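Visitor: Please take one part of this model and examine it closely for a first-year student. I should like a connected account that passes from each feature to its surroundings.

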Amino acid sequence: MTLRALLFDVYGTLLDVHGLTDALEAAAPGQGAALSALWRQKQIDYTRLRTMSGRYAPFDEITADGLDAAAERLGVHLTAPQRRELLTAYETLAPHPEVRVALEALAATGMRLGVLSNGTPAMLRTAISAAGLAPLLPIVLSVDAVHAYKTAAAAYQLGPEAFALPVGDIGFVSSNAWDAVGATWFGYRVFWVNRVREPMERLGVSPEATGRSLADVGHWVAAARA
C-alpha cells in the first residue's frame, strides 16, 4: 500500500473549535473555557446519539443545540443577540497556526487533498473559504450526504468513493482521538494530531502515526511514500 491521497477532519483538526473562548468569556465571565469545552462535548454527543438512533439533524442545528445545552447546564443566560453572534462566529473559526503552511507543503508533493467532515456543505464552504484554505482542499466531503455522522461506516465510505481509491491508499488526519479510532477501524491509514498530549482511547486500535501538529504529517507522508 502507498499513500495516494489525504483526507482531513475539519473541526478541531484544521479549525480551532475553541477559538471562541474569549467571546464566550465576554458573554459569561469566569466560564468561557468551561462553556467552550461543554459546547464541544454536547455537539459531539448529539452527533453520536442521533446517528445511533437514526435521528439525523444537520450539523449547524446540532451546533446550536449544543450551545444551548451547555449554557443551560452551566447556568449561563445568553441573550438572543449573544447567541446569534456566537453561532455566526462559529461559521468562520480560525485555522490552527500551522495549518496553511502544512497544507501547502503537502500539496506541493502532488498528494491529492480533501476534507471529510461532520459539517454541512454550506458550513464547510464558508469555513474553508474564510480560513483561506479552499485552493488547497479541492475535495470537500460532508456526512450530510449519507445522514450519518462519524464514526459511522457510511460517513467514512465517502472518501474511497470520492477518490476512487482503495481505503488503504488514503491517509486520514484528525485531532479527535475518537475520529482517529473510527477511521482506523474503517481501514484508513491514520495520523492523529495530538496537540494536547491526550492518552489514546482504550478501544483496541491505535493510529498508524501520531504528532503534535499538522506540520508533522509531512514527515509521515514522506516516510510512507519512500
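Guide: H147 lies in the loop between β3 and α7, a helix of residues 153-156. In this predicted model, H147 is not a glycine, yet its phi is positive, at about 55°. The loop leads back to strand β3, and β3 belongs to the sheet that is the subject of this account.

The sheet is open and has six strands, in the order β3-β2-β1-β4-β5-β6, with parallel pairing. Which strands stand at the edges? They are β3, residues 139-142, and β6, residues 209-211. Each has a single partner strand, so one side of each lacks a neighbour in the sheet. On average, and with direction ignored, neighbouring strands are turned by 20° against each other.

One may now follow the pairings across the sheet, starting from β3. Four bridges join β3 to β2, and the two strands run parallel. Within this pairing, I139 in β3 stands opposite G114. Strand β2 is mostly covered, as five of its six residues are buried.

On the other side of β2 in the strand order comes β1. The pairing of β1 with β2, which comprises residues 112-117, is parallel and extends over four bridges. Here V115 in β2 stands opposite F8. Strand β1 is joined to β4 as well, by four bridges in a parallel arrangement. In that pairing, G171 in β4 is the bridge partner of L6.

What covers the two faces of β1 may be considered in general terms first. The side chains of a regular strand alternate between the two faces of the sheet. In β1, A5 and L7 are on one side, while L6 and F8 are on the other. All four of these residues are buried, and both faces of the strand are therefore covered.

The order continues from β4 to β5. These strands, residues 170-174 and 189-193, run parallel and are joined by four bridges. Opposite V173 stands F191 in β5. A helix also packs on the sheet, namely α10, residues 217-225. Helix α10 touches β1, β4, β5 and β6, and its direction makes about 155° with that of β5.

Between β5 and β6 there is a loop that holds R197. As with H147, phi is positive in a residue other than glycine, and for R197 the value is near 55°. Is R197 buried or exposed? Its relative accessibility is 64%, so R197 counts as exposed, the cut-off for that class being over 50%.

D179, in helix α9, offers a contrast in accessibility. Its relative accessibility is 0%, which means that D179 counts as buried, since the limit for that class is under 20%. Apart from neighbours within four places in sequence, D179 is in contact with D9, K150, Y156, F172 and S174.

Two of these contact partners, D9 and K150, reappear in the lining of the largest cavity. The lining consists of D9, Y11, R40, F59, S117, N118, K150, N176 and W178. By class, these residues are three nonpolar, three polar and three charged. The largest cavity holds about 50 Å³ of space. The count of cavities of 30 Å³ or more comes to one.

R40 and N176 lead on from the cavity lining to the largest pocket, as both are among the residues closest to the centre of that pocket. The other residues named as closest to its centre are H18, S175 and E198. In total, 20 residues line the largest pocket, and the space within amounts to about 530 Å³. Seven of the lining residues are nonpolar, seven are polar and six are charged.

Which elements give two or more residues to this lining? They are α2, residues 32-53, and α9, residues 177-186. Helix α2 supplies the largest share, five residues. Helix α9 is also the element in which the buried D179 lies.

Notes. Residues numbered from 1 in each chain as written. Predicted model: local features only at pLDDT ≥ 70, side-chain atom pairs only at ≥ 80, totals over all residues. Heavy atoms only, no water. 1 Å grid on protein atoms, 1.4 Å probe; cavity = no way out; pocket = protein on both sides within 12 Å on 5 of 7 lines; lining within 4 Å. Points joined across faces, edges and corners; volume = space filled by probe spheres on them. Nonpolar A, V, L, I, M, F, W, Y, C, P; charged D, E, K, R; others polar. Pairing = 2+ DSSP bridges. Axes fitted to C-alpha atoms, helices over the stretch in contact; angles between N-to-C directions. Contact = heavy atoms within 4.5 Å. Buried < 20%, exposed > 50% of the residue type's maximum accessible area, 1.4 Å probe, protein only.
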